[in-house]
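Me: I would like a close look at one loop residue and its surroundings, followed by an account of how the rest of the chain is arranged around other notable points. Please keep the reasoning explicit where a classification depends on a threshold.

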Amino acid sequence: MSIKKLSAVIVEDEPKNRMLLKKMLEMYCPQVDVCGEANSVQSAVTIINQNNPDLVFLDIEISGGNAFQLLDVLQPVKFDVIFVTAYDSYLLKAIKYSALDYLLKPLNIQELIAAVSKSFDRTYVQNTSERIELLLQNYVQSKYLSTIALPTSSGFNLIAVQRIMRCEAKGGYTLIFTDDGKSYTASKTLKEYEDILPSDVFFRTHHSHLVNVNFIEKYHKGKGGFIEMTNKAMIPLAARRKNQFIGLVFGA
């Protein structure tokens, strides 16, 4: 049985970086066939439209604009996207909020292989256009990213960040509880959500819990104590986090 090949376009304005990525794909991801390369927004539009690829490796900063401006022109996107960037920035946080994949330079072989493998998962890829649209919405906002994509076993749920009451670790997964009484099982760790959700709103009370301070109703004293949420959920507070919690919530 033959392995399905993915056609791919590399969009990168540095020739050495394009060549390196192409070599790495040839060596470690032979199921990917690079059918085109582009060094600017304008050339990328032409080459992507001509080749109709399954996958695009897209540097964030490219000649003539950036990745988000390119995607805006190409909407609705019918291919999977793996972003490539040399730095962690606000733009990278927007990508994380949209549950899209990215690689940091210098490229790591195992991360490249893992990212490419997701492009063979049709459940993952079929929502790409919707997640790109979310990314573009978040990109135009100045500081606060308002909506997050939660990857689940059946696809993705788009949730307003302000509606998330709390997050709870369940092994390598995270339970997300919202203010309408619903819960979602997201296939990312609690640490990943701690890293991307705004730190002035979400506080890690315990190794298994992350809470939205806007939904805290009461604090019950103790060695660490317990936090009572507006829906009456009782969340433990680790003793070592107590002072930081009190300072954040009560300004003490």
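Reply: Glu12 has a relative accessibility of 4%, so this residue counts as buried, the limit for that class being under 20%. The model is a predicted one, and every value below is computed from it.

Glu12 sits in the loop that links β1 (6-11) to α1 (15-28). Its side chain reaches back to the main chain a little further along, with the backbone nitrogen of Glu14 at 2.9 Å. Leaving aside residues up to four places away in sequence, Glu12 touches Asn17, Arg18, Ala38, Asn39, Asp59, Ile62 and Lys105.

Several of these partners lead to other parts of the chain. Asp59 falls within β3 (55-59), and Asn17 and Arg18 fall within α1 (15-28). Lys105 is joined to Pro106 by a cis peptide bond, with omega at about -5°. Pro106 belongs to the loop between β7 (101-104) and α5 (109-118). A contact partner of Glu12 is therefore one half of a cis peptide. A cis peptide bond also joins Gln75 and Pro76, where omega is about 0°; Pro76 is placed in the loop between α3 (67-74) and β6 (80-85).

Two loop residues other than glycine have a positive phi, and their accessibilities fall in opposite classes. Ala99, in the loop between α4 (90-97) and β7, has phi near 55°. With a relative accessible area of 6%, Ala99 is buried. Asn52 has phi near 45° and is found in the loop between α2 (41-51) and β3 (55-59). Its relative accessible area is 56%, so Asn52 is exposed, that class beginning over 50%.

Helix α3, which ends ahead of the loop that holds Pro76, also takes part in a helix pair. The axes of α3 and α7 (residues 128-139) come within 10 Å and cross at roughly 130°. At that angle, α3 is oblique to α7. The crossing of α3 and α7 is left-handed. On the α3 side the contact is made by Phe68, Leu71 and Asp72, and on the α7 side by Ile132, Leu135, Leu136 and Tyr139.

Further along the chain there are two open sheets to describe. One has 5 strands in the order β12-β11-β10-β14-β13, paired antiparallel. The edge positions are taken by β12 (183-186) and β13 (202-206); each has a single partner strand, so one side of each has no neighbour in the sheet. Neighbouring strands in this sheet are turned by 20° against each other on average, direction ignored. Within the sheet, β10 (residues 164-170) and β11 (residues 173-178) run antiparallel and are joined by 6 bridges. In that pair, Ala169 stands opposite Thr174 in β11.

The other open sheet has 3 strands in the order β15-β16-β17, again with antiparallel pairing. Here β15 (216-220) and β17 (234-236) stand at the edges; because each has a single partner strand, one side of each is left without a neighbour in the sheet. The average turn between neighbouring strands of this sheet is 25°, direction ignored. Strand β15 is joined to β16 (residues 226-229) by 4 bridges, and the two run antiparallel. Tyr219 stands opposite Ile227 in β16. Helix α9 (residues 242-250) packs on this sheet, where α9 touches β15 and β16, and its direction makes about 140° with that of β15.

These parts belong to a protein with 9 helices and 17 strands. The C-alpha trace spans about 65 × 45 × 30 Å along its principal axes. Of the 252 residues, 50% count as buried, Glu12 and Ala99 among them. Finally, of the contacts between residues at least 6 apart in sequence, 55% join residues at least 24 apart.

Notes
Residues are numbered from 1 along each chain as its sequence is written. This is a predicted model: local features need pLDDT of at least 70, side-chain atom pairs count only at pLDDT 80 or more; totals for chains, interfaces and linings use all residues. Side-chain values use heavy atoms; hydrogens and water are left out. Two strands pair if DSSP finds at least two bridges between them. Axes are lines fitted to C-alpha atoms, for helices over the stretch in contact, and angles run from 0 to 180 degrees between N-to-C directions. Contact means heavy atoms within 4.5 Å. Buried means under 20% relative accessible area, exposed over 50%, partly exposed in between (1.4 Å probe, protein chains only). A polar contact is a pair of N or O atoms within 3.5 Å; within protein, one must be able to donate a hydrogen and the other to accept it, and residues adjacent in sequence count only if both atoms are side-chain atoms. Angles under 35 degrees count as roughly parallel, over 145 as roughly antiparallel, 65 to 115 as roughly perpendicular and the rest as oblique. A crossing is left-handed if the near helix is turned anticlockwise from the far one by less than a right angle, and right-handed if clockwise.
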